[in-house]
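Student: I would like to learn how to read the strands, helices and loops of a model. Can we take them one at a time?

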Amino acid sequence: MESKKQDEDVEEPLLTNTGSSSSHKPSLIQSLISAMSLITAITFAVLFFSLPSPTKSTTRPLRKLPHPVVILISSDGFRFGYQFKTLTPNIHRLINNGTEAQTGLIPVFPTLTFPNHYSIVTGLYPPHHGIINNFFTDPITGDKFTMASHESKWWLGQPLWETLANHGLTAATYFWPGSEVKKGLWTCPEQFCKHYNGSVDFEDRVDSVLEYFDLPLHDIPVFMTLYFEDPDHQGHRVGPDDDEVTDAVSRIDSVIGRLINGLEQKGFFEDVTIIMVGDHGMVGTCDQKLVFLDDLAPWVKIQQSWVHSYTPLLAIWPTGNYSSRDVAVKMNQGLSSGQVENGNKLKVFLKEDLPWRLHYADSDRIPPIIGLVHEGYKVEMSRTGKKECGGAHGYDNAYFSMRTIFIGHGPQFARGKKIPSFENVEIYNLITSILNIKGAPNNGSDAFPKSVLLPNA
Ligand SMILES: [Zn+2]
């Protein structure tokens, strides 16, 4: 309605003028009026197009739920672009009626599963939330972190489920790295915190989340997570371009469809906020794209015990009388000598000299020497002659292949809106904004949610 009125405001002066001068040669005054009308019209037009669109929507009211509810879904290794591999009608329903990062969601470095999932729920870069790799060693105690470590000493920062518990609100986690860890008021309650078991069918995971909507309205958790291991799994085995990955994407689309249909049947679909993300992308790797540390022996002999992780994140911690700086310098001398196969595809840094944009220095847990290997290349100690092609991630997050998806659908997301790519540390603030609670300090920006979410009605 408002839009029509604006249109009339723009058109009226022109119409009046045309009518008055239709049968006469225009006089000077008429020409002047005509020119002035034109200027007025242009002014209106400029104002009209520069003002916020009059049809701009606002937050849509909840019909049934007493409070906003967010379901955060992760599809592991869902590289940006996979949504076009095949028909994905359900994912596209969310895209078309929601807000999408037009060129994908940017993961944190290293572009690995645990560091990224935990950045998404804490808003922190890995050095600040402590999960600096999928596995690492505590330099002081020598204790080893693995993906099955649930002791709270490893998991720093404040994940969303803990933030909610602090506000007296209920969260429900159906798998998410860190969710089983007792932190603050979050105790991983039996009813709302599933212990990781990769053999549970995706459909069963969705059905369990749907069951939460059968609870009395005020008991429905305000935040839920859902995690699917695919298509990461297939991407590693056969690389991102294999039809196995296409099938896995199709399957993810169908479980998203199951969630949408279930919510629709229960009358909650338009009330619930669905945020679908991945943790990172995937790139093809093959046996001819290798760099061997043994080839650096003429410059420096890298000992196996120094290497905390090989690839794609090369992390080296020299021991004994070796200084990290000397080792890094000698490694780079070898790599740039032209005498090491694929040497120009790897560069090592003291962690404090890494590009600042990677945010990967400020933790004792990070080994002193970090190697950045080119996209698709792998680092190994020595030649084994093993023939293999597959996929990997963990590379510099500047590579487009490491990007994943972001889709937001729900009452506070505009329909059909595209937003620029952003880093996943922004998601924590986005979710606390939707839930209208104050979150813990983090690396996301306070302005981000406002730039993405609809204004209140
Ligand atoms: Zn993976």
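Student: How many bridges join β11 to β13, and in which direction do the two strands run?

Tutor: Strands of a sheet pair through backbone hydrogen bonds, either parallel or antiparallel. Here four bridges join β11 to β13, and the two run antiparallel. Two strands count as a pair if DSSP finds at least two bridges between them. The strand and helix names are DSSP runs numbered from the N terminus: helices are H or I with at least four residues, strands are E with at least two. One bridge partnership is that of L313 with L372 in β13.

Student: Before we go on, what kind of model is this, and how are residues numbered?

Tutor: It is a predicted model, in which local features need pLDDT of at least 70 and side-chain atom pairs count only at pLDDT 80 or more, while totals for chains, interfaces and linings use all residues. Residues are numbered from 1 along each chain as its sequence is written.

Student: Which strand lies on the other side of β11 in its sheet?

Tutor: Four strands form an open sheet in the order β10-β11-β13-β12, with antiparallel pairing. The edge strands, β10 and β12, each pair on one side only. From one strand to the next, the twist averages 25 degrees. Such angles run from 0 to 180 degrees between N-to-C directions, and axes are lines fitted to C-alpha atoms, for helices over the stretch in contact.

Student: How is β10 linked to β11?

Tutor: A hairpin of three residues joins them. Two bridges hold this antiparallel pair: S309 stands opposite A315, and V307 stands opposite I316.

Student: Where do the side chains of β11 point, and are they buried or exposed?

Tutor: L313 and A315 point one way, L314 and I316 the other way, and all are buried. Buried means that 20 or more other C-beta atoms lie within 10 Å of the residue's own; 12 or fewer is exposed, in between is partly exposed, and C-beta atoms are placed from the backbone.

Student: Which helix packs on this sheet?

Tutor: Helix α10 does, touching β11, β12 and β13, and its direction makes about 165 degrees with that of β12. Contact is counted when two C-beta atoms, placed from the backbone, lie within 7 Å.

Student: How does one read the length of α10 and the face it turns inward?

Tutor: An α-helix has 3.6 residues a turn, so residues three or four places apart point the same way. Helix α10 covers residues 324–335, twelve in number, and reaches 16 Å from its first C-alpha to its last, close to the 16 Å expected. The expected span is 1.5 Å times one less than the number of residues. Its buried residues are V327, A328, M331, G334 and L335. Down the axis of α10 they fall within an arc of 130 degrees, so they line one face of the helix. That arc is taken from the directions from the helix axis to the C-beta atoms.

Student: What is the order of the seven-strand sheet?

Tutor: The order is β5-β6-β1-β7-β16-β2-β17, an open sheet with mixed pairing. Its edge strands are β5 and β17, and the twist averages 15 degrees from one strand to the next. Four bridges join β5 to β6, which run parallel; T173 stands opposite T225 in β6. Helix α11 packs on this sheet, touching β1, β6 and β7.

Student: At what angle do α3 and α9 pack?

Tutor: The angle is about 60 degrees, with their axes 7 Å apart. That makes α3 oblique to α9. Angles under 35 degrees count as roughly parallel, over 145 as roughly antiparallel, 65 to 115 as roughly perpendicular and the rest as oblique. The contact includes I91 and R93 of α3 and I256 and I260 of α9.

Student: Where are the cis peptide bonds, and which loops hold their prolines?

Tutor: One joins F109 and P110, with omega about -5 degrees; P110 lies in the loop between β2 and α4. Another joins T311 and P312, also with omega about -5 degrees, and P312 lies in the loop between β10 and β11.

Student: What is the phi of N342, and where does the residue lie?

Tutor: Phi of N342 is near 60 degrees, a positive value in a residue other than glycine. N342 lies in the loop between α10 and β12. With 18 other C-beta atoms within 10 Å, N342 is partly exposed.
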